[in-house]
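Visitor: Please take one part of this structure and go through it closely. I would like to know how the strands are arranged and what packs around them.

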Amino acid sequence: MKRLSWFTLGTLVLLLGACAPNIQVQDNILPTLISVTVPTGGTGMVVLQGRYFGDGMNGASPNSYVIVGADIAAGGGLRVTPASWSTTRIEFGVPEGGGSGFVYVVVDGVLSNGIPTNLP
């Protein structure tokens with residue numbers, strides 16, 4: 001039985017390593033807005049429920065925020081300050097002048113789908 005030299009063994013390891021697949025992790029999960037609950041009577045909290053909201057640093061992240069009263073292309077609207085923010089739920093008070101339009105969640109600069117809403 002022949003023994004492999006260190007050189008042959010090293011070359012074999014390098015060749016096998018070059019053939020191994022290159023794995024790259026991508027974070028391409030889009031925030032998804034599922035429902036918007038608007039309080040009756042004009043006071044109370046608006047509740048957004050969905051998935052993949054991250055923690056948004058409880059609404060303090062400059063790249064994670066909520067837009068209300070926007071058009072279908074997410075233009076215009078008001079940025080609101082959430083009272084609470086979790087991976088599946090965001091709450092905020094009814095903003096003055098929110099009116100009707102679409103609600104969007106932006107997580108780390110990535111825009112969610114929009115849901116049409118009429119705020120009191």
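Guide: In this predicted model, 4 strands form an open sheet in the order E1-E2-E6-E5, with antiparallel pairing. At its edges are strand E1 (32-37) and strand E5 (84-85), each of which pairs on one side only. Strands of a sheet pair through backbone hydrogen bonds, and the pairing can be parallel or antiparallel. Between E5 and E6 there are 2 bridges, and the two strands run antiparallel. Trp85 has Ile90 in E6 as its bridge partner.

E6 also holds a charged pair. Arg89 and Glu91 form a salt bridge, and their closest N and O atoms are 2.8 Å apart. Side chains of opposite charge can pair when their charged atoms come close. By the rule used here, the count comes to 1 salt bridge. Arg89 has a relative accessible area of 33%, so this residue is partly exposed rather than buried, the limit for buried being under 20%.

Now the packing. The largest nonpolar core has 15 residues, and Leu48, Val66, Ile90, Phe92 and Val105 touch the most other members. At least two residues of this core come from each of strand E2 (45-51), strand E3 (65-70), strand E6 (89-93) and strand E7 (100-107). The most come from E7, which gives 3 residues. Apart from this core lies another, of 6 residues, including Ile67, Ala70, Phe102 and Val106. Phe92 shows what one core residue touches: leaving aside residues up to four places away in sequence, its contacts are Gly44, Met45, Val46, Leu48, Val66, Val68, Val80, Thr81, Pro82 and Ala83.

E7 deserves a separate look. The strand is mostly covered, with 7 of its 8 residues buried. E7 runs antiparallel to E3, and 4 bridges join the two. In this pairing, Tyr65 stands opposite Val106 in E7. E7 also pairs with E9 in the antiparallel sense, over 4 bridges. Here Val103 has Ile115 in E9 as its bridge partner. A further antiparallel pairing, over 2 bridges, links E7 and E8. Val107 stands opposite Val110 in E8.

E7 and E8 form a hairpin with 2 residues between them, and Asp108 in the turn has a positive phi of about 50°. The backbone nitrogen of Asp108 is 3.0 Å from a polar atom of the Ser64 side chain. Ser64 itself is found in the loop between E2 and E3. Its relative accessibility is 2%, so Ser64 counts as buried although serine is not among the residues used to define a nonpolar core.

Another serine is found in the loop between strand E8 (110-111) and strand E9 (115-118): this is Ser112. Ser112 counts as buried because its relative accessibility is 6%, and the limit is under 20%. Not counting residues up to four places away in sequence, Ser112 touches Pro31, Leu33, Tyr104 and Val105. Val105 is also one of the residues that touch the most other members of the largest nonpolar core.

Note on methods: Residues numbered from 1 in each chain as written. Predicted model: local features only at pLDDT ≥ 70, side-chain atom pairs only at ≥ 80, totals over all residues. Heavy atoms only, no water. Core = buried A, V, L, I, M, F, W, Y, C linked by side-chain atoms within 4.5 Å. Buried < 20%, exposed > 50% of the residue type's maximum accessible area, 1.4 Å probe, protein only. Contact = heavy atoms within 4.5 Å. Salt bridge = Lys/Arg side-chain N within 4 Å of Asp/Glu carboxyl O. Polar contact = N/O pair within 3.5 Å; in protein donor to acceptor, adjacent residues only side chain to side chain. Pairing = 2+ DSSP bridges.
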